[in-house]
Amino acid sequence: MDETCIFCRIVAGVASAHQVFEDDEVLAFMDHRPLNPGHVLVIPKWHEPDLHCLDEPTYLAVMKTGKRLAEVLAELFEPPKVGQFVIGFHVPHVHVHVVPLYSIDDFTADAIRLAMQTRPDQDALAEVGQRIREHLLRAR
Ligand SMILES: [Zn+2]
C-alpha cells in the first residue's frame, strides 16, 4: 500500500467510497466527481501506476470487471455508449473509468475539468451505487 495514494487508502478501508463490487483482486466504486451518473472506477487492489505494467491475471481481472460493469450500466441507464478508458494523470493508481456516454462531448478535456470542479453529491452517489450493486446481484 502507498499511504499517500487515495485509492490504496480506499482499498485499506481508511478512506471511504461508494463501493459497487469487490473480489480478491479488484475493487470498483463510484467516481465521486462523475462525468455522468453511473460513472464507476475499477482498480486493482495493489498500487501500480500504469495499466500495462500490471501482471496479466490482474490486468484481465480489472478488464473483466470493467466489462461486467459496462453491461450493468448499459442495462440501467440505456445510454448510446458505455465508455471505458484509462488515463491516470490525477491518481497514479490504475483505474478504468466505466461511464454511460450520451455524446462525444461527455468525454472532452473540458468536461473532465468541469466534473473535477464539482462538489461530490454523496446522496446521489450512494443511490446510484446501490442500484448498481443490486443489479450486479440480480445478474449473478
Ligand atoms: Zn495506490
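The exercises below, each with a worked solution, concern a predicted model. Residues are numbered from 1 along each chain as its sequence is written. Local features need a pLDDT of at least 70 and side-chain atom pairs count only at pLDDT 80 or more, while totals for chains, interfaces and linings use all residues.

**Exercise 1.** Determine how helix α2 and helix α4 pack, and which residues make the contact.

*Solution.* Step 1: locate the elements. Helix α2 comprises residues 56-77 and helix α4 residues 122-139; helices are DSSP runs (H or I, at least four residues) and strands likewise (E, at least two), numbered from the N terminus.

Step 2: consider the geometry. The axes are 10 Å apart, and the packing angle is about 110°. Axes are lines fitted to C-alpha atoms, for helices over the stretch in contact, and angles run from 0 to 180 degrees between N-to-C directions.

Step 3: classify the angle. Because of this angle, α2 is roughly perpendicular to α4 (under 35 degrees is roughly parallel, over 145 roughly antiparallel, 65 to 115 roughly perpendicular and the rest oblique).

Step 4: list the contact residues (C-beta atoms, placed from the backbone, within 7 Å). Helix α2 contributes Val 72, Glu 75 and Leu 76, and helix α4 contributes Arg 131, Ile 132, His 135, Leu 136 and Ala 139.

Step 5: sort them by character. Five are nonpolar, one is polar and two are charged (Ala, Val, Leu, Ile, Met, Phe, Trp, Tyr, Cys and Pro count as nonpolar, Asp, Glu, Lys and Arg as charged, and the others, Gly among them, as polar).

**Exercise 2.** Establish whether His 95 is buried or exposed, and what surrounds this residue.

*Solution.* Step 1: consult the record. An unreviewed UniProt entry annotates His 95 as "active site"; such annotations may be inferred rather than shown by experiment, and their positions are given in the numbering used here, with feature names shortened.

Step 2: place the residue. His 95 is in the loop between β4 (81-85) and β5 (96-101).

Step 3: count neighbours. His 95 has 25 other C-beta atoms within 10 Å and is therefore buried (20 or more is buried, 12 or fewer exposed, in between partly exposed, with C-beta atoms placed from the backbone).

Step 4: name the contacts. Leaving aside residues up to four places away in sequence, His 95 touches Phe 7, Leu 41, Val 42, Ile 43 and Gly 88.

**Exercise 3.** Describe the setting of Ile 112.

*Solution.* Step 1: Ile 112 belongs to helix α3 (residues 109-117). Step 2: Ile 112 is partly exposed because 16 C-beta neighbours lie inside 10 Å. Step 3: the C-alpha atoms of Ile 112 and Pro 34 are separated by 8.8 Å, although 78 residues apart along the chain.

Notes: Contact = placed C-beta atoms within 7 Å.
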